[in-house]
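Visitor: I would like to go through this model by asking on what grounds each label is given. Please set the values against the cut-offs as we go.

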Amino acid sequence: MGLKSDLETALFFAKKDTGKNIRVFALIILAIAFATANIIIINGFMDGFSNSLVDATLDISSGHVNIYPKENDRYIEGLGIKELKLDGMENVAAYSSRLYSSGTLSYNEKTKTIKIVALDPEREQGVTKILEKIEEGEGLTKENEILISYRLAEDLSARAGGEATLVFENGVSKTYRIKGIIRTGATDLDANGVIMYMNEANNALGLSGKASIIMVKLSKRELAEEYRDILKKELEVSKIKVWREEIESITGFMNTVKKITDTVIAVGLFAAAVSVGIIIYVNVIHRRRQIGIMKAIGMKSSLIFTVYLMEALLLAGIGVAAGDALGYIGTKYLETRPFYCPIIKEYISAKFYTYLLYDASIVSTAVVVLAGMYPALMASRTNIIKAIWGT
Amino acid sequence: MKIIETRELKKTYTLGKVEVNALNGVNALVEEGEFVAIMGPSGSGKSTFLNMVGMLDVPTSGEIYLNGTEITKMEEHARVEYRLRNIGFVFQFFNLFMELTAIENVMFPMMLSGHPFYKERAEELLESVGLKSRINHLPSELSGGEQQRVTIARALANQPKLLLTDEPTANLDTKATHEIMELFRRLNEEKHQTIIMVTHNPELGAKTDRIIHFRDGKVVK
């Protein structure tokens, strides 16, 4: 007897048995479906959250590739030439140079230490959305204007439209008009950040064309690794970080959260697997005499094993398909119900990704089949005499 | 031609610390085409003997020849294959697959053996046992006699050389018992089917060609 015929016979029996016990098996299917949907929804939620967090970070404080000064240098040398080279490079969608510095800001007799982020607003808009995060007032249009963070505004009791005195780290003091108040979601910038024009900061600090970072946005962020080497060579720079390295602290945090959710998922799957195993086990016990007859007639042990394994596979197939549908509907529903996340100061929601279906289907099927193995093995090892005569 | 020959067949079961000799050196012979009854009191070893020659169990010692082949030393997979193609069973409690219809029950052994026209043959077999109109009924929709006839049709599916039956009429009324015995007799006379039937009932034993009497795990006459 061939393998095809063996499988046909096993499938025939598995289908008949499943059909006969449809009520009991409906419970198994339900357990598998919920466990599968659980995987999709929780992972969809976690991946949605994770991607929102990454996007939010990239939107505020990083390009796909960031160029830094050489070791022991404070500023990037030859900024103009590097920018010219970037202008002509393929897949470089935009870039923005920033100059970081520090100082103090005084407003109405209150003074606070500040972190200065100097940039070219036009170029910055091509790379990040930091200038869109204005909570009060307007964006920068003149060099004597600054944007300050909402917490700095709170600390200084400052309002948009007011004038503040900024003392740079070299002691130069100038008065600026507070054009707007920003809330970016980036902790350090929101604490005491002041945004101003790049040229203005360079002039005040007595520098010329200096930058602390060049943030490069590529046509696709997947090109980052490839462009790390290209930019290193073309721009003759030694320190380059890609976006993944810039968000390492976030991915570390997300990995920890993921481990927790994976544990929750594993517990759910284990519960489903145990219930599947128990129900198939009870079914095997209940059908012991029938299994004995099957063997007496001439059904091989391996084929009996296949019948019960196929039964588990059938249940897994139906349960996983139902779970996929449930997970898809659940995730899509949650996509339309975003909620505000105080960590990133953004609305986040679950996101449906096709790979979630594949992952959940494979994991659930594997777990259910594994759960069905012991009862299937037990069925295949049934002693004919004891089974038929019930001894 | 000898279809069954056993030599000094012994079977010992261990029940806790007690050893029970179910078969105690059985020498038996059945010729091809015979309809033989095996009779004896409870615990005499009738069913154990049937299990041994039916290859459902292995003896503790001794030899069994089926159609000239010594079967006691066969590997498990060879035993299963041999049983499928050469031996048909009819049990006391019908033992049909309750989720399968009559025809599906009869098809089952042929599906296992890879019979190319199992459905057609199953129909023929059910017709031959008088159940043509009941082929699509589940066992629960059939009477005891009808269920046993389905079991007989199933046992004959792969044209076995040997039909083994253990108290096949024990759960049937008189009319159904008579019908089943008639069916066995017809199979034996028309198809030369070798049949070995374990029974307690002397009336049924009397309807066979020969009776082998068992007592205390031995053939007594």
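Visitor: What makes the side chains of Glu5(B) and Lys2(B) a salt bridge?
Guide: A salt bridge is a side-chain nitrogen of Lys or Arg within 4 Å of a carboxyl oxygen of Asp or Glu. For Glu5(B) and Lys2(B) the N to O distance is 3.2 Å, so the pair falls within the 4 Å limit. This is a predicted model, in which local features need pLDDT of at least 70, side-chain atom pairs count only at pLDDT 80 or more, and totals for chains, interfaces and linings use all residues. Residues are numbered from 1 along each chain as its sequence is written, chains are lettered from A and ligands numbered from 1 in the order in which they are written, and side-chain values use heavy atoms, with hydrogens and water left out.

Visitor: Why is Glu5(B) called buried, and what is Lys2(B) called?
Guide: Buried means under 20% relative accessible area, exposed over 50%, and partly exposed in between (1.4 Å probe, protein chains only). Glu5(B) has 16%, so it counts as buried. Lys2(B) has 38%, and is therefore partly exposed.

Visitor: Which residues are linked with Glu5(B) in a network of salt bridges?
Guide: Lys2(B), Arg7(B) and Glu63(B) are linked with Glu5(B) in that network. Over all chains, the structure holds 30 salt bridges.

Visitor: What makes Lys332(A) and Glu335(A) a pair about one helical turn apart?
Guide: Both are in helix H12 (residues 301-335) of chain A, and they are three residues apart, which means a separation of about one helical turn. Helices here are DSSP runs (H or I, at least four residues), strands are DSSP runs too (E, at least two), and both are numbered from the N terminus. The side chains of Lys332(A) and Glu335(A) meet in a salt bridge at 3.8 Å, N to O. Lys332(A) is partly exposed at 34%, and Glu335(A) is partly exposed at 26%.

Visitor: How do you know that Glu104(B) and Lys16(A) form a salt bridge?
Guide: Their closest N and O atoms are 2.7 Å apart, so the rule for a salt bridge is met. The pair crosses between chains, from helix H3 of chain B to helix H1 (residues 3-20) of chain A. Glu104(B) counts as buried at 12% relative accessibility, whereas Lys16(A) is partly exposed at 25%. As background, side chains of opposite charge can pair when their charged atoms come close.

Visitor: How many salt bridges does the rule find across the interface of chain B and chain A?
Guide: It finds two. There are also five residue pairs in polar contact between chain B and chain A, both residues being at pLDDT 80 or more. A polar contact is a pair of N or O atoms within 3.5 Å; within protein, one must be able to donate a hydrogen and the other to accept it, and residues adjacent in sequence count only if both atoms are side-chain atoms.

Visitor: Which element gives the most to the side of chain B that touches chain A?
Guide: H3(B) does, with six residues. By class, that side of chain B has 13 nonpolar, four polar and six charged residues. Ala, Val, Leu, Ile, Met, Phe, Trp, Tyr, Cys and Pro count as nonpolar, Asp, Glu, Lys and Arg as charged, and the others, Gly among them, as polar.

Visitor: How many residues does the contact take from each chain?
Guide: It takes 23 residues from chain B and 24 residues from chain A, contact meaning heavy atoms within 4.5 Å. The two chains bury about 2300 Å² between them, 68% of it on carbon and sulfur atoms. Buried area is the accessible area (1.4 Å probe) that two parts lose on being put together, summed over both. In chain B, Glu99(B), Met111(B) and Leu112(B) lose the most area to chain A, together 26% of what that side buries.

Visitor: Why is Ser380(A) called buried?
Guide: Its relative accessible area is 7%, so it falls in the buried class. Ser380(A) is in helix H13 (residues 354-380) of chain A. A polar atom of its side chain lies 2.7 Å from the backbone oxygen of Leu377(A).

Visitor: What puts Ile178(A) in its accessibility class?
Guide: Ile178(A) has a relative accessible area of 1% and is therefore buried. Ile178(A) lies in strand S7 (residues 173-182) of chain A.
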